[in-house]
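Hi everyone, thanks for making time for this. I'd like to walk you through one structure today, so please bring it up on your screens and follow along.

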Amino acid sequence: MPTTDGVVDLRSDTVTRPGPDMRAAIAAAEVGDDVYGEDPTVRALEETVADRFGRQAALFVPTGTMANQIALRLTCPPASEVLLDADAHLVTYEGAAAALLSGIQTRTIVNPRGLLDPDQVEAQLRPITWHVVATRAVSVENTHNRGGGAVYPMPTLQRLRELTAARGVALHCDGARIWNAHVATGVPLQTYGELFDVISVCLSKGLGAPVGSLVICDADRYQEAREFRHRFGGAWRQAGILAAAGLYALRHHVDRLADDHDRAQRLARALAEAVPGVCDPAEVESNIVLLDLRPAGVTGAELEETARAEGVLVAGMGDDTVRLVTHLDVDDAGCARAIEVLTAALDKR
Ligand SMILES: *Cc1c(COP(=O)(O)O)cnc(C)c1O
């Protein structure tokens, strides 16, 4: 559903609003008290998601941040460390929660587009002894937000799985946008399910649900995940109202992510043609386009303001970078309008 006010909002794929059919599904949801395990719609969502990834269990939680923090706490005991890339959502946007809520130390590696290099990871894994802080988990983000929607190549993930397994280290995936990775590559969700010990996924990004994320894990970790969710303030009641939106999204909004990827590609090609060097369409693998504004000679704040005046919203990420994200509420006409407005704002020749 395009935004009713005619604005093309490319700031994030979280800005989508539920359409009439999703709202009808919400209105019709059967609910119960999920703290008692009695919400049938929550149970159905958890079973459906676990099943899609070929796993035993999934826990429905309010946000991706909570899903990540529960996943991390499940794999990393306090006073141990997780190894991850320096641009990961987990260390950039989660309020230092790993340190504050769980006493987990994060150790980061700088990598192009946020994709961990298995050789570097292997070199950094610390042994489990009393003398050093033990590396208990490695976390990857797929697709990678600050990496411009970069998708992990399967051989890289397999290498990471092998080397962590050999060292008894858990492998976590921040899969807020794993649906995009699945649609972009054709890698089945079950294959991702087999690779990781724990996966966190979001329903509220590309899938277009208003609220909700899940922690996907083994059955024997499910109860513990519920306890962490409770402690983090996420034990909710008639959450089936929200789970119904998630079930609707899973049924109707996964395959269509290909349209978002097409539109991101269209944006990238048009802008790269207008201002060479502003982005590389070959690096646009999913629904995110990062613009490097230096060749255009405008700042992020300037571009944000000029585009906003024309009804196109973009997200500044520092002085020289702007993020464009395609989603359910940006249709072909919105994409064309964005190209028109952004081209004019960028191309000063
Ligand atoms: C959005 C996002 C999250 C967190 O989701 P919230 O629901 O906003 O807390 C985690 N990881 C990545 C990669 C994200 O893009």
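Let me start with a term: a residue counts as buried if its relative accessible area is under 20%, and as exposed if that area is over 50%. With that in hand, of the 349 residues of this protein, 57% count as buried. Please keep in mind that what you are looking at is a predicted model.

Now the overall picture. The protein has 14 helices and 12 strands. Its radius of gyration is 20 Å, close to the 20 Å from the globule rule for 349 residues, so the protein is as compact as a globular protein of that length. If you lay the C-alpha trace along its principal axes, the spans are about 60 × 50 × 35 Å. For those of you who think in contact maps: among contacts with a separation of 6 or more, 74% are between residues 24 or more positions apart. The accessible surface comes to about 14400 Å², and carbon and sulfur atoms own 50% of that.

Let's move to the ligand. Which residues are around it? Going along the chain, we have Thr63, Gly64, Thr65, Asn68, His89, Glu94, Glu141, Asp174, Ala176, Arg177, Cys202 and Lys205. Sorted by class, that shell holds two nonpolar, five polar and five charged residues. Helix 3, residues 64–75, supplies the largest share of the shell, with three residues.

Have a look at the oxygen atoms of the ligand. One oxygen atom sits 2.8 Å from a polar backbone atom of Gly64. A polar side-chain atom of Arg177 is 2.9 Å from a ligand oxygen. For Lys205, an N or O atom of the side chain is 2.7 Å from an oxygen atom of the ligand. Taken alone, the ligand would expose 380 Å², and the protein buries 85% of that.

One shell residue I'd like to zoom in on is Asn68, in helix 3. Is Asn68 buried or exposed? Its relative accessibility is 1%, which means that Asn68 counts as buried. The side chain of Asn68 makes a polar contact of 2.9 Å with the side chain of Glu94, and Glu94 is also around the ligand. Setting aside residues up to four places away in sequence, Asn68 touches His89, Leu90, Glu94, His172, Asp174 and Ser200.

Next, some backbone geometry, which is worth a check if you plan to set anything up from this model. Where is the cis peptide bond I have in mind? It joins Asn142 and Thr143, with omega at about -5°. Thr143 lies in the loop between strand 5, residues 135–141, and helix 7, residues 154–166. With a relative accessibility of 2%, Thr143 counts as buried. Beyond its neighbours within four places in sequence, Thr143 is in contact with Gly149, Ala150, Val151, Arg177, Ile178, Asn180, Ala181 and Ser286. You'll recognise Arg177 from the ligand shell.

There are positive phi values to note as well. Ala79 has phi near 70°, positive in a residue that is not glycine. Ala79 sits in the loop between helix 3 and strand 3, residues 81–85, and it is exposed, with a relative accessible area of 65%. Ala96 also has a positive phi, about 55°, without being a glycine. You'll find Ala96 in the loop between helix 4, residues 89–92, and helix 5, residues 97–102.

On to helix 8, residues 178–185, where Ile178, Trp179, Asn180, Ala181 and His182 are buried. What do the buried residues of helix 8 pack against? Their partners are strand 6 (170–175), helix 9 (189–195), strand 7 (198–202), helix 11 (240–252) and helix 12 (257–274). After helix 8 comes Gly186, with a positive phi near 80°.

My last stop is Phe196, in the loop between helix 9 and strand 7. Phe196 is buried, at a relative accessible area of 2%. Apart from neighbours within four places in sequence, its contacts are Arg55, Val140, Leu157, Arg161, Leu171, His172 and Cys173. His172 came up earlier, since Asn68 touches it too.

That's my tour. Thanks for listening, and I'm happy to take questions.

Note on methods. Residues are numbered from 1 along each chain as its sequence is written. Side-chain values use heavy atoms; hydrogens and water are left out. A residue is near a molecule or strand if one of its heavy atoms lies within 4 Å of it. A polar contact is a pair of N or O atoms within 3.5 Å; within protein, one must be able to donate a hydrogen and the other to accept it, and residues adjacent in sequence count only if both atoms are side-chain atoms. Accessible areas come from the Shrake-Rupley method with a 1.4 Å probe; for residues, only the protein chains shown count as cover. Helices (H or I, at least four residues) and strands (E, at least two) are DSSP runs, numbered from the N terminus. Ala, Val, Leu, Ile, Met, Phe, Trp, Tyr, Cys and Pro count as nonpolar, Asp, Glu, Lys and Arg as charged, and the others, Gly among them, as polar. The radius of gyration is taken over C-alpha atoms; the globule rule is 2.2 Å times the number of residues to the power 0.38. Buried means under 20% relative accessible area, exposed over 50%, partly exposed in between (1.4 Å probe, protein chains only). Contact means heavy atoms within 4.5 Å.
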